[in-house]
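This report describes one protein chain from its overall composition down to selected residues. The sequence and the model are shown first.

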Amino acid sequence: MKIFKRIILIFIFSFQSINALASPVFVNDYQPESEMNHVTGVVFNPSGTKMYVLGFHSSDKSYVSEVPLSVPFSTQSAGTPVLQEITTATKRAQDLKFNSDGTKLFILTTKAANNKDGIHVFTLSTPYDISNIESDADAGNQTFVQFGSDPRGLDFNSDGTKMYVLQSTSEVLEQYNLSTPFDPSTRNSNPITISSSKGDYLHQGFGFSSDGYKMFIVKAQRTGASTNIIEDYNLTTPFEINTASLNETDNGIYTSVTDDASTDERIAGITFNFSQGANKLYYTDFHESDLVREFDLPCAYGIITCIDPTNNKDDVASVESQSTAAKQLIQHTTYPVLNRMEWLRRNSGRINLTNQNLKLQFNNEILNALTNSLVPLFLSSENNEEREQNFGWSFWSEGTISIGKVGDTSYSSSKDINTSAITFGADKKSEDNIMRGIALRLGSDDVDVGDFGSALDMSSISLTFYETRPRGENRFVDNLIGASFINSDLINNSGSVSTNGERSGEQLYGSLSLRDTYSKNKFNFTPKLKINYGITHFAAYKETGAEGLNLNFKDQYIGNFTSSLGTVLDNTYELEIGTFIPYFDFEYYADMSPSSQQKFSYASNGTSYTLKNINNSTHNILSSMGFDLMTNNGLSLMTKYSRDQSSYNKNDSFVVALDYKNSQKSFYTLSLQDTNTKLSYNNELNGFKINLDSHYNFFQTNPDYGLYFKISNTN
């Protein structure tokens, strides 16, 4: 009869696949011990090396079985089970769940030893080890929480602050808030309830996806036919059942259509291989065959349909974070250079640029060619016949720490953004009074997405050429152009399992700024107009880590165009140690970038999706305040705090910039070898050579830092 039953199942699944997107494939039946002639629940430990089967005998005896699996989550690899009788606690056990660390086992019952409905809570001395549960039941070493009316299904949200109970007789699903996580006795008295389609009865099982965006209700008989159904619901807010809507792609997955008494199936408990990506389904048949049944799914939770990543707020936010990071990279790369040019403007009457040598060395031949030919040309006056004499070079650096947050929306989770970077630059004034320079930025962006641990770690290296041209006594035109190279590590966490990806990218960007200064005494008022533009390409990549959840992402192109209007106010104070210039910067900018889109598909079955209208235009207010300090010994300090605010996000930046003018006998060398960055300082002082070297690997998760100091005689 079992062979006949399997043929019927396979036929039904094949027939449904014509109309349904997903089609489960039967794998195996596991036959529990004969003592359980009503199998009602099944769960696994997180690694899938143990399966726990719950059931009872018609003579009111309940059992829990611990089954070792030599192959994780494979019922075909089941070893010798260990059966534990818990009749002294409960007569008709209906469902079982563990807390998040496996130190508590919850058993839902419709008939405890006192003939009441409720939940038994067993405390386990060793996580996921139920070897003492029978003796604990006999000794009364468990807590019983009485409530419910014929409860059959039980689950919790990921942190145990919510509990869900499926009531069979009343045909409702209840959601309780727990003031103490995973403690049913602390539930609130007025739960949220939803009706689970009146007319279907024998409501037997219930479960969530690990991220709470899907839930499943099991009904062991549908009106008018001896059939079973698993209803698939989509939730707009994770773990909030009042946001659930029945997936109408199919009315369910019918598992048997037969009135044969020997093969009449009734579904009860339901679970998945969560830590592998939920591409397997398990349920129990509690009626005639008394089985644990295993099916392969074409994608995560794909009983009826695959999870639509475009409806998952964390998935949407993960894609958005890449686009946001790319656009902010242009801002964060151009700001240090623009800060430098504004500093030069504020201190134009005090700058005494001395002989300063800066060398840039790259492992990449193309970048080396730029430094050997284009860089000297760019930094020299076209009318200067003695280009070899790089007199007037000034070396500067700027360190930036930025902390930002993008709030959640109806379709996207919140994003916490932390950026740190250091920029090294050199510039010189040519004979035609044009200041030209080059800057190298090393940056790192860390973005935390949602509440489950999804994240983006992006490293970038940017090379920028800039110049500021006078158009009169106090009027300047600033422009820059540059390129960035990007490497990103991505984590997409669904609650119990995460996928990983690595993505590369390239970026071209530019900026044009017009400013005019009006002065009265030592007070300056500088209105300015600025345009930023650029384009970013992210390469295609494939996620790894969870077979049912892995996605293939196609190439993505992100355009950037912003225009801004603002002003700078500053004043000058002469001190004994030097000059102090406080300033205030106010700017309104409109992000008019074209919306981008990201195409991707499930790696398991090729089901494709497109996320459109990523990062629509926004209007922002950028305000900054800071000061310049120029000491008499040649050291200059610039500090700046900025707040970038729009209607749904904010970003705080802290900037510290240094400029030091030294003698002709000193020079700096900045070199890149593979992923290692090396900064060297060399100087001759009173007959001694001074050499200071440092190195930093900016692509390592935990980079090594090194500092070497050497003094030698010049003779």
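## Overall character of the chain

Of the contacts in the chain between residues at least 6 apart in sequence, 58% join residues at least 24 apart. The coordinates come from a predicted model. The secondary structure comprises four helices and 43 strands.

The chain has 715 residues, and 57% of them count as buried. Its accessible surface comes to about 29700 Å², with 52% of that area belonging to carbon and sulfur atoms.

## The hairpin of β2 and β3

Strand β2 covers residues 38-44, and seven of its seven residues are buried. Its antiparallel partner is strand β3 (residues 50-57), to which six bridges join β2. Within this pairing, Gly41 has Leu54 of β3 as its bridge partner.

The two strands, β2 and β3, form a hairpin with five residues between them. In the turn, Gly48 has a positive phi of about 75°. Asn45 also lies in the loop between β2 and β3. Is Asn45 buried or exposed? Asn45 has a relative accessible area of 9%, and it therefore counts as buried, since the cut-off for that class is under 20%. Apart from neighbours within four places in sequence, Asn45 is in contact with Lys50, Tyr52, Phe73 and Tyr128. Two of these partners, Lys50 and Tyr52, fall within the residue range 50-57 of strand β3.

## Ser402 and its surroundings

Ser402 is located in strand β22, which spans residues 394-406. With a relative accessible area of 1%, Ser402 is buried, because residues under 20% are placed in that class.

Which side chain makes a polar contact with the side chain of Ser402? The partner is the side chain of Asn651, at 2.6 Å. The side chain of Ser402 also reaches the backbone oxygen of Asp652, at 3.4 Å. Not counting residues up to four places away in sequence, Ser402 touches His332, Ile417, Asn418, Thr419, Asn651, Asp652 and Ser653. The residues named in the two polar approaches, Asn651 and Asp652, are thus also listed among the residues that Ser402 touches.

## A four-stranded open sheet

One open sheet has four strands in the order β30-β31-β35-β36, with antiparallel pairing. Its edge strands are β30 (541-542) and β36 (608-614), each of which pairs on one side only.

At the β30 edge, two bridges link β30 to strand β31 (residues 551-553) in the antiparallel sense. Tyr541 stands opposite Phe553 of β31.

## Internal cavities

How many cavities of 30 Å³ or more does the count give? The count comes to eight. The largest cavity holds about 180 Å³ of space. This cavity is lined by 16 residues, and those closest to its centre are Asn312, Asp315, Asn492, Ser494 and Leu549.

Two elements each give two or more residues to the lining of the largest cavity: α3 (313-346) and β26 (475-493). Asp315 falls within the residue range of α3, and Asn492 within that of β26.

Methods: Residues numbered from 1 in each chain as written. Predicted model: local features only at pLDDT ≥ 70, side-chain atom pairs only at ≥ 80, totals over all residues. Heavy atoms only, no water. Buried < 20%, exposed > 50% of the residue type's maximum accessible area, 1.4 Å probe, protein only. Polar contact = N/O pair within 3.5 Å; in protein donor to acceptor, adjacent residues only side chain to side chain. Contact = heavy atoms within 4.5 Å. Pairing = 2+ DSSP bridges. Areas by Shrake-Rupley, 256 points an atom, 1.4 Å probe, with all protein chains shown as cover. 1 Å grid on protein atoms, 1.4 Å probe; cavity = no way out; pocket = protein on both sides within 12 Å on 5 of 7 lines; lining within 4 Å. Points joined across faces, edges and corners; volume = space filled by probe spheres on them.
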